[in-house]
Amino acid sequence: MTAHTLDARGLSCPLPVLRAQRALRALPAGATLTVLATDPASARDMPAYCEAAGHALLASEEEGGDFRFVIRCGG
């Protein structure tokens, strides 16, 4: 399984989700993408995007205003 990281810190809504979408399109099914973000809206937007697009949100964490999402790319 392949793991990738996307640093979207400092970007405002909707850019973290749009960048994640672009990155996931380039990945094979089953690969994981860790997204780092600072936009508070990403806490609700990233899970909603994953559900709508058929990706699995494996982890979602927030610490000190930094958000970390681990997404497994769907088929």
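A disulfide is a pair of cysteine sulfur atoms within 2.5 Å. With that cut-off in mind, the tour of this predicted model begins at its cysteines.

**Stop 1: the cysteines.** A search of the whole structure returns zero disulfides. Select C13 and C50: the closest cysteine sulfur to that of C13 belongs to C50 and lies 14 Å away, too far for a bond. C73 is likewise in no disulfide, its nearest cysteine sulfur being that of C50, at 9.9 Å. Colouring by accessibility shows C13 as partly exposed, at 42% relative accessibility, whereas C73 is buried, with a relative accessible area of 6%.

**Stop 2: the peptide bond after C13.** Remain at C13 and add P14. The two are joined by a cis peptide bond, with omega at about 5 degrees. Most peptide bonds are trans. P14 itself sits in the loop that runs between β1 and α1.

**Stop 3: helix α2.** Select residues 42–53, the twelve residues of α2. At 1.5 Å a residue they should span 16 Å, and a distance drawn between the end C-alpha atoms gives 15 Å, in agreement. Which residues of α2 are buried? They are S42, M46, Y49 and C50. These residues cover an arc of only 95 degrees around the axis, which places them on the same side of α2. An α-helix has 3.6 residues a turn, so residues three or four places apart point the same way. Rotate the view to the face turned away from the buried side of α2, where the exposed residues R44, E51 and A52 are found.

Next, display what covers the buried residues of α2: the covering elements include α1 (15–25), β2 (32–37), β3 (56–63) and β4 (66–72). Before leaving the helix, step just past α2 to G54, where phi is positive, at about 85 degrees. Most residues other than glycine have a negative phi.

**Stop 4: the nonpolar core.** The largest nonpolar core holds 17 residues, and the members that touch the most others are L24, L33, V35 and M46. At least two residues of this core come from each of β1 (3–8), α1, β2, α2 and β4. M46 thus links this stop to the preceding one, as a buried residue of α2 that is also among those core members.

Finish by centring on V35. Leaving aside residues up to four places away in sequence, V35 touches L6, A8, A20, M46, F67, R68, F69 and I71.

Conventions
Residues are numbered from 1 along each chain as its sequence is written. This is a predicted model: local features need pLDDT of at least 70, side-chain atom pairs count only at pLDDT 80 or more; totals for chains, interfaces and linings use all residues. Side-chain values use heavy atoms; hydrogens and water are left out. Helices (H or I, at least four residues) and strands (E, at least two) are DSSP runs, numbered from the N terminus. The expected span of a helix is 1.5 Å times one less than its number of residues. Buried means under 20% relative accessible area, exposed over 50%, partly exposed in between (1.4 Å probe, protein chains only). The arc is that of the directions from the helix axis to the C-beta atoms. Contact means heavy atoms within 4.5 Å. A nonpolar core is a set of buried Ala, Val, Leu, Ile, Met, Phe, Trp, Tyr and Cys residues joined through side-chain atoms within 4.5 Å.
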